[in-house]
Amino acid sequence: IFSEKDLDEVLQTHSVFVNVSKGQVAKKEDFVKAFGTDDQTEICKQILAKGELQVSDKERHTQLEQMFRDIATIVAEKCVNPETRRPYTVNLIERAMKDIHYSVKANQSTKQQVRRGVSLRKSMADPHVATTVTVLWHV
């Protein structure tokens, strides 16, 4: 649900576009037909409240990379090597996740994905790491 009260903090313009990349502004009759009003500010509020956020491929890739790192960080914070009693590094967890081709789900939070359960046992060279991570992710 849209919670920002000042639209100028959210929008670059109050204009409604058919194709923003080509600069094609919607015709009045088109947005009256689609939204039942010609008030572009009200239309912007409806779009923000009910529309879908579109992000570029680069933004999506950056978000997924950050989520991947966040998941690895959570796992690393929860795991210790049973022999040395030292924590595993985020890089070690990331490598293990890459080895098993772990894929981040953009529509789930990082905590949900950690809980979702994934077995790293097959890919990790150190069996102690695999056991620790498997136990953590199957809780």
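# Exercises on exposure, helices and core

**Exercise 1.** Classify Val20, which has a relative accessibility of 60%, as buried or exposed, and place this residue in the chain.

*Solution.* At 60%, Val20 counts as exposed, because the class begins over 50% relative accessible area, while buried means under 20% and partly exposed lies in between (1.4 Å probe, protein chains only). Residues are numbered from 1 along each chain as its sequence is written. The model is predicted: local features need pLDDT of at least 70 and side-chain atom pairs count only at pLDDT 80 or more, whereas totals for chains, interfaces and linings use all residues; side-chain values use heavy atoms, without hydrogens or water. Val20 lies in the loop between β1 (17-19) and β2 (24-25). Strands (E, at least two residues) and helices (H or I, at least four) are DSSP runs, numbered from the N terminus.

**Exercise 2.** Identify the nonpolar surface patch that contains Val20.

*Solution.* Phe17 and Val25 join Val20 in this patch, and the three together have about 260 Å² of accessible area. Areas come from the Shrake-Rupley method with a 1.4 Å probe, and for residues only the protein chains shown count as cover. Patch residues have over 30% relative accessible area and no salt bridge; nonpolar side chains (Val, Leu, Ile, Met, Phe, Trp, Tyr) are joined within 5 Å and like charges within 9 Å. A salt bridge is a side-chain nitrogen of Lys or Arg within 4 Å of a carboxyl oxygen of Asp or Glu.

**Exercise 3.** Check the span of helix α3 and state what this helix gives to the largest nonpolar core.

*Solution.* First, the expected span is 1.5 Å times one less than the number of residues. The 22 residues of α3 should therefore span 32 Å, and the end C-alpha atoms are 32 Å apart, which agrees. Next, the buried residues of α3 are Met67, Phe68, Ile71, Ala72, Ile74, Val75 and Ala76. An α-helix has 3.6 residues a turn, so residues three or four places apart point the same way. Finally, the largest nonpolar core has 14 residues, of which Ile71, Ile93, Met97, Tyr102 and Val104 touch the most other members. The elements that give two or more residues to this core are α3 and α4, and α3 gives the most, with seven. Such a core is a set of buried Ala, Val, Leu, Ile, Met, Phe, Trp, Tyr and Cys residues joined through side-chain atoms within 4.5 Å.

**Exercise 4.** Describe the surroundings of Gln113.

*Solution.* Gln113 is found in helix α5 (residues 110-116). With a relative accessible area of 0%, Gln113 is buried. Beyond its neighbours within four places in sequence, Gln113 is in contact (heavy atoms within 4.5 Å) with Met67, Ile71, Tyr102, Ser103, Val104, Lys105 and Gln108.

**Exercise 5.** Describe the backbone and exposure of Arg85 and of His101.

*Solution.* Arg85 is found in the loop between α3 (57-78) and α4 (90-99). Phi of Arg85 is near 60°, a positive value in a residue other than glycine, and Arg85 is exposed at 62% relative accessible area. His101 lies in the loop between α4 and α5. Phi of His101 is also positive, near 60°, and His101 is exposed at 68%.

**Exercise 6.** Summarise the chain as a whole.

*Solution.* The chain has six helices and two strands, in the order β-β-α-α-α-α-α-α. Of its 139 residues, 27% are buried. The accessible surface comes to about 10100 Å², of which 49% belongs to carbon and sulfur atoms.
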